[in-house]
Structures are given as structure tokens and as C-alpha cells.
Amino acid sequence: MDTKLKKYRSYQKKWKIVGVALFFICAMANFFCGIITANISNHWNRDIIEAHSVYDTYEFKNSFAQALDEVILSEVYYRNESRISSGELIDREELLTDFKRYYGIKEGIITGNTSINETFDGLITHGSIPNSLKHNFDEYKELVESRLPLYRKMYIQNQLDDFKSSIRYLNGMTNFLYYVEDSSGNVVAGNTTRGEMSNIDRTIVLSSGFSSDKIGVMGYTSNNTIMETSDYKIYAGIREPFVYGDAFYTLGQEYVFAKAGLPILFGVFTASTIIIIFCLVYLIRVAGQSEKGGKVTYLAVDKIYNEVHFLLVIGLTAFAVFFGVAILSSILNETAIFWAYIFNTILGIIYICDIAAIISYIMSVSRQIKGKIFLRNTWVSVTIRRMSELFTGKTFRGWMIFVMLSYGLGNCVIMGFIIFAAQMGYYFICFLCVLGLFLFNAFCMYLFLRALRSLKRIMISARETSKGNLQYKLNLEEISPSFSNFAMDIANIQDGLKNSVEDAVKGERMKTELITNVSHDLKTPLTSIISYVDLLRSQKLENKAASEYVEILFEKSYRLKQLIEDLIEASKVSSGNITVSKMRLDYRQITLQAIGELEEKIEAAGLEVKVSCPEPLYISADGRHLWRILENLVSNAVKYSMPDSRVYIDIFQAEGRGILVMKNISATPIDFDETRLTDRFVRGDASRTTEGSGLGLSIAQSLAEAQGGTFGIKVDGDLFKAIVSMPLWEDGEQPFQEDEVEMQ
């Protein structure tokens with residue numbers, strides 16, 4: 001037993017949940033490893049793997065070259081603010097080109113015949129300006145005189161801003177060391193000395209005539225042309241190791257972190273991938289089963305055709321790849337932490353959805369392969385089966401569509417041959433095609449008439465079945481394929497009805513025999529008991545207790561006799577084993593007779609019966625059955641009415657029927673559904689201490705319905721109301737006996 005439990009433990013739901021959870025946890029671990037690796041790769045490229053130190057990386061060389069460019073601009077090109085403010089460093093061609101581009105001035109006759117003076121505040125005319133361009137010339141002149149001086153000031157201000165920015169940048173450097181010498185070898189600027197620079201291994205020297213590069217950044221600088229026309233010499237180097245305080249220190253820390261993190265990321269990724277593979281194999285093994293070799297349970301997703309499911313997964317994967325690449329690019333280029341977090345979240349959601357879709361598809365394939373329905377659940381397989389059903393008549397609509405399409409296509413093809421043969425002059429072939437068209441339509445008409453004949457046979461069979469002729473047999477071999485399923489259904493209906501009728505007749509026969517036998521078997525011993533009890537009552541018993549016992553036996557035996565008679569009568573009524581002989585009856589008179597018969601019991605219960613019916617009301621009913629209904633109602637009122645209360649009976653005519661309404665106040669609360677009162681063995685007192693079998697109202701209802709009438713009960717609080725409706729006597733009917741019938 002323990003071995004068996006261990007064998008099936010892996011198929012338990014909790015272990016499946018653990019497998020899925022572990023799969024997605026490892027998948028998310030791979031996702032984060034990929035995001036971090038992508039950020040490192042985007043920042044360091046391949047240098048993070050190939051470089052032996054941060055000094056060999058592109059990032060370091062680019063940062064060093066940027067700092068070197070700032071030195072060239074600030075200390076060699078600009079030098080000081082006075083040179084910039086005087087306009088000495090203005091590039092005339094660059095200034096004028098930018099000015100014309102900014103104001104949308106195009107080269108033409110006006111610019112070709114004019115030039116701007118050295119102070120940038122006026123025009124010098126070299127040739128003649130056509131009269132048609134005088135207006136344009138005046139606008140150009142006004143623009144140069146009023147706007148160009150301001151643009152010159154803006155140009156100078158931009159140079160000052162660049163100079164100050166370079167100075168601030170260099171002042172913030174603690175690891176980048178430099179100094180600048182003039183042609184005489186004097187140090188004119190820098191943040192270090194010759195002695196300190198001589199102790200640094202990684203250095204670079206830039207000048208117009210001699211350069212040396214021990215760092216490898218010569219090709220990264222963008223201001224080499226400035227040094228070629230200058231008589232200055234720049235010495236620059238980098239501290240080893242970095243000290244805290246600038247971007248180089250931060251770059252070194254990032255390099256160390258990235259270099260140390262890559263092996264960890266690779267290890268986590270490898271371990272997660274191995275776990276994912278094991279989880280996937282486990283989930284494939286236990287998919288859809290609660291025990292090894294057990295029944296396969298399918299999910300809603302398994303109803304999707306496998307080709308469609310595969311294409312959906314491929315489409316979702318392609319969307320996830322393209323959209324994910326776009327988002328990843330945004331993540332790598334985004335500097336704001338908030339938006340990087342948002343983009344990472346979106347990319348994670350897409351990744352999880354795609355992984356979930358893929359694992360769902362794999363599990364679905366696993367379940368279908370285990371259940372051997374993989375090939376059947378393909379669109380191609382289903383289409384082939386549907387097409388095959390068209391030829392077997394399993395689907396009437398499909399068969400008819402196929403027949404109509406075949407008929408139309410056949411006529412079109414033959415008509416095409418006829419037209420082609422007539423146009424080409426092949427009249428014999430045209431004649432043969434016309435003959436073929438006639439024969440084809442004649443054959444189709446034969447099939448159509450055969451189908452109609454089959455439909456007629458099916459209709460005859462259905463009509464015979466509706467008449468109750470269940471012996472009529474429909475020959476399925478004579479039915480065309482288009483109606484074969486329809487005919488089979490009709491035949492099955494006939495067989496089902498026949499079996500149901502036979503079972504019902506058998507049941508009714510058994511019920512009748514049971515009622516007859518039980519009636520005889522119960523009455524015979526009960527009659528003997530009652531006779532001997534009567535004999536005992538006639539004897540003068542000296543024992544008082546014995547006399548009381550005899551009286552109790554007498555009372556209970558008669559009560560048992562009444563119960564048996566009620567039970568037998570209820571069984572006969574429910575089985576329809578009664579005869580109904582309708583006659584002309586006075587509803588008022590027969591009600592008064594029933595009250596008179598039970599007058600002693602009514603007086604003993606302290607009840608007063610009030611009958612409201614001013615004139616005779618004639619109904620069509622069976623006297624014996626109606627008498628039993630009234631007797632049951634009055635007996636019910638005597639048993640369950642509140643002592644010393646009144647019972648009201650109203651008899652009147654309404655909508656072609658005679659209505660009797662009996663109302664009384666119940667002695668006990670009626671705290672259950674009124675519809676239950678007509679059920680068998682339901683009595684008005686829950687304790688069942690009163691006499692009665694609980695069949696009286698049920699018998700009354702059945703007898704009323706057997707005579708074409710209705711029986712209903714209404715309860716309003718403790719007010720009990722019984723309503724008996726009978727059809728009125730019509731003058732054309734023949735009375736069965738005299739109007740007044742005295743019931744004994």
C-alpha cells in the first residue's frame with residue numbers, strides 16, 4: 001500500500017501546483033537575469049567579457065577622450081573669457097551660415113551681389129540689384145542690420161557657456177590629471193604637476209609635432225585639428241587605482257560589479273533552466289491524470305483545434321518577441337528610473353503571458369496524446385469527417401447542400417461544354433452534351449422523386465404512430481440516404497413508445513391485481529375480527545377492564561376497516577379503475593342529505609352548519625361519487641374545525657358550472673403549504689391524534705376530476721376553504737334517474 005501511495009503521490013494536485021509554481025518562479029528568475037545581462041551588455045558591450053581591467057574598456061576610453069576634449073577646448077582653443085568676448089574666436093563662415101539657416105535666407109542674386117561687413121552690422125553691395133528684387137533686398141538689409149548683431153552676441157554667449165561648462169567639468173575631476181605647456185615649456189593650466197605626472201603609467205601627450213598614447217584613446221578625441229594648428233602641448237593621465245570623487249570612480253565601481261555579477265547571473269540562469277526542464281517533463285507526465293494510467297481529464301482549452309491553438313501560440317509569441325524587443329530597447333535607452341520600472345513591468349507581463357500560453361499548449365498536447373485524441377482534434381481531421389458525413393446522410397443539411405452544389409455544378413459544366421462546342425463548330429459533340437444534359441437532369445429528377453417518396457413513407461409512419469398504430473413498421477432499406485437519419489429517429493420513437501405502452505399496461509395490470517388481492521386478503525380476516533368483537537360486546541363481562549378493552553378493539557377495528565376501504569378506493573381512483581355514471585342531481589339537496597347523515601357527529605363537535613343556496617341548482621355528476629366527496633368534506637370539517645364554531649357552505653352558479661364552497665375555522669394552525677393537503681396521508685394535525693387516514697381530500701380531488709369537475713383548497717390564516725366545481729346539467733341530456741336521489 002505504501003509503495004502504491006508513493007507511486008501515485010506525484011499525481012496529486014498539490015504537487016502539480018508546486019511544479020507549476022516552481023516553473024514560473026524559475027522562468028521569472030531567467031527573465032530578471034536576462035534584463036540585468038541586457039543592461040550590462042548595453043552599457044559595456046563585449047568589453048565586460050574581453051577586457052582585463054576597466055582601462056581596456058570602451059567606456060573608459062570614451063570618458064577619457066571626452067575629458068581630453070574639454071581640456072583642448074577650454075585651455076587651448078578658448079584659453080580665457082576675454083578672447084571669447086572680443087569675438088576673436090568667431091568662425092565667420094559658421095556664424096553666417098547658421099544665421100541664414102535660422103532666418104531661412106536662401107542663396108541667390110541678392111546674396112551673390114552683396115557681402116556682410118567685418119562688424120556684422122551692415123551690407124556691402126558689389127553689383128546691381130534688379131528692380132524686381134528691391135523689396136527683397138530691403139528686407140534682407142534690414143534683417144542683417146537689426147538681427148545679425150544680436151545673433152553675433154548669441155554666438156559669443158554660446159562660446160562662453162561652452163568654456164564655463166568645460167571648466168566646471170574639469171574642476172570636478174579627481175582621477176583625470178592634466179597640465180598644458182606653451183611653446184616655451186611653461187605650464188599655463190592644469191590640475192597636477194610634472195612630478196606627479198611622471199609617476200603615472202597611463203598617460204597621453206598631445207601636440208602639433210609630437211604625440212604619445214599609453215592609454216589608447218588617440219582615435220577617440222574629436223578636437224585633434226585644434227592641436228595641429230596650436231603651439232601648446234597637453235600632458236594627461238589617469239590615477240591608478242581610482243579615488244572617490246568623479247565619474248571615473250563610478251565607472252570603476254560599475255565595472256567591478258558587472259564583472260563579478262556575470263558569473264552569478266550565468267549560474268542562476270543555468271540552474272533555473274535545468275529546473276524549468278525538469279518541471280516541464282514532470283508536468284507533461286502528470287497532465288490530465290490523477291494516477292498513473294488513469295482516466296484523462298480534459299480542460300476547456302483542449303476543445304480548440306490543435307492547428308488553431310498552435311497558430312495562436314505562435315502569433316502570441318511573435319507579438320511578444322517584437323513588442324518585447326521594442327520595450328527592451330526603450331528600457332536600455334531610458335534614463336528615468338520611473339519609466340524604466342514601468343517598461344520592465346510591461347515586459348514582465350508580456351513574458352509571463354507568453355510563457356503561460358506556451359505551457360498551456362504543451363499540457364493540452366500532452367493530455368490529448370494520452371487520451372489518443374490528438375489527431376482527431378485537428379481542423380483537418382474534423383473537416384474530413386464532416387465531408388464524409390455528407391456522403392453517409394448523417395447530416396441532412398450537409399447532404400442537401402452537397403446535392404444542390406453538385407446539381408448546379410454539373411449543369412454548369414455541361415452547359416459550358418455545349419457553349420464551347422457550339423462556338424468551335426463541333427456540332428456532334430454539342431449534340432452529345434445536350435443529350436448528356438438531358439440524361440443528367442433526368443437522373444437528378446429520379447433521385448429527387450425517390451427522396452420525396454422516402455419522405456412520404458416517413459410521414460405515413462409518423463401519422464400511423466400518432467393514431468396509436470405502433471405495429472406499423474418503416475422499411476429503412478427503402479429510404480434514400482438524405483432521409484436515413486430522419487427515418488431511423490421515427491423508427492426509434494415507435495419502438496420507444498411501444499415499449500413504454502407495454503410497460504404501462506403491465507404496470508396497470510399488476511396494480512389492478514394487487515388492489516383486488518389485497519382488498520380480499522385484508523377484508524376477510526378483518527371481518528372475522530369485527531364479528532368476534534361484536535360477540536364479546538354482547539356478552540356480559542364481569543371484568544370492567546376487559547369490557548373497556550373490548551370497546552377499544554371495537555373502535556379500532558372499525559377504524560381499520562374504514563382505513564382499508566379508503567386505501568382501496570384511493571388506489572382504484574388513481575388507477576382509473578372506477579366507473580362514472582352521470583345523472584341530473586340537485587347540488588343543494590344532496591349537500592343537505594350529507595349534512596343530515598352526519599348530524600350527530602356535527603352536534604357532538606359543537607358545530608353549526610350554515611347552507612346558503614336559495615334555489616335548486618342542477619349539475620351533471622355521479623351520485624355515488626359526489627356523495628363521497630361531500631361526506632369527506634363534512635367529516636373533515638367535523639374532525640378539524642374549532643369547537644363551537646360555524647361551518648359555512650355556499651352553493652352557486654358561475655361560468656356554466658355549479659360551485660360549492662365550504663368554509664370553516666381550523667382548530668390547529670395551518671402552518672404548511674395548502675397544496676400539501678390534497679397529498680395522500682397528509683392530515684390537519686401534525687400529532688396525528690385525530691381519527692382519519694389522511695386520504696379523504698385526496699380521494700375527493702380524484703373523484704371530482706373523474707367526473708369532469710375540479711377540487712381546490714384555499715387557506716387564509718386559520719380559515720380553511722374547500723371548493724368543488726361541477727359541470728351544470730344541460731337540458732338536452734337524458735337523466736339517469738329521478739332528480740332527487742336519496743343516498744344511503
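Below are four exercises with worked solutions on a predicted model.

Residues are numbered from 1 along each chain as its sequence is written, and side-chain values use heavy atoms, with hydrogens and water left out. In this predicted model, local features need pLDDT of at least 70 and side-chain atom pairs count only at pLDDT 80 or more, while totals for chains, interfaces and linings use all residues.

**Exercise 1.** State where asparagine 377 is placed, whether asparagine 377 is buried or exposed, and which residues asparagine 377 touches.

Solution.
- Step 1: Asparagine 377 is in the loop between α13 (337-370) and α14 (379-392). Helices (H or I, at least four residues) and strands (E, at least two) are DSSP runs, numbered from the N terminus.
- Step 2: Buried means under 20% relative accessible area, exposed over 50%, and partly exposed in between (1.4 Å probe, protein chains only). Asparagine 377 has 13%, so asparagine 377 is buried.
- Step 3: Contact means heavy atoms within 4.5 Å. Leaving out residues up to four places away in sequence, asparagine 377 touches Asp302, Lys303, Ile304, Tyr305, Asn306 and Gln368.

**Exercise 2.** Classify phenylalanine 438 as buried or exposed, and find which helix holds phenylalanine 438.

Solution.
- Step 1: Phenylalanine 438 lies in helix α16.
- Step 2: The relative accessibility of phenylalanine 438 is 59%, so this residue counts as exposed.

**Exercise 3.** Describe strand β5 by its side chains and its partner strands.

Solution.
- Step 1: From β5 (residues 203-206), Thr203 and Val205 point one way, Ile204 and Leu206 the other way, and all are buried.
- Step 2: Two strands pair if DSSP finds at least two bridges between them. β5 is joined to β7 (residues 233-238) by 4 bridges, running antiparallel; there, leucine 206 has isoleucine 234 as its bridge partner.
- Step 3: β5 also pairs with β6 (residues 212-213) in the antiparallel sense, over 2 bridges. Isoleucine 204 stands opposite aspartate 213 in β6.

**Exercise 4.** Give the strand order of the open sheet of 5 strands, name its edge strands, and place helices α19 and α21.

Solution.
- Step 1: The order is β9-β11-β12-β14-β13, with mixed pairing.
- Step 2: β9 (608-612) and β13 (710-716) each have a single partner strand, so they stand at the edges.
- Step 3: β9 and β11 (residues 646-654) run parallel and are joined by 5 bridges. Serine 612 has aspartate 650 in β11 as its bridge partner.
- Step 4: Helix α19 (residues 587-597) lies across β9, β11, β12 (657-665) and β14 (719-727), at about 160° to β11. Helix α21 (residues 623-640) lies across β11, β12, β13 and β14, at about 15° to β12. Axes are lines fitted to C-alpha atoms, for helices over the stretch in contact, and angles run from 0 to 180 degrees between N-to-C directions.
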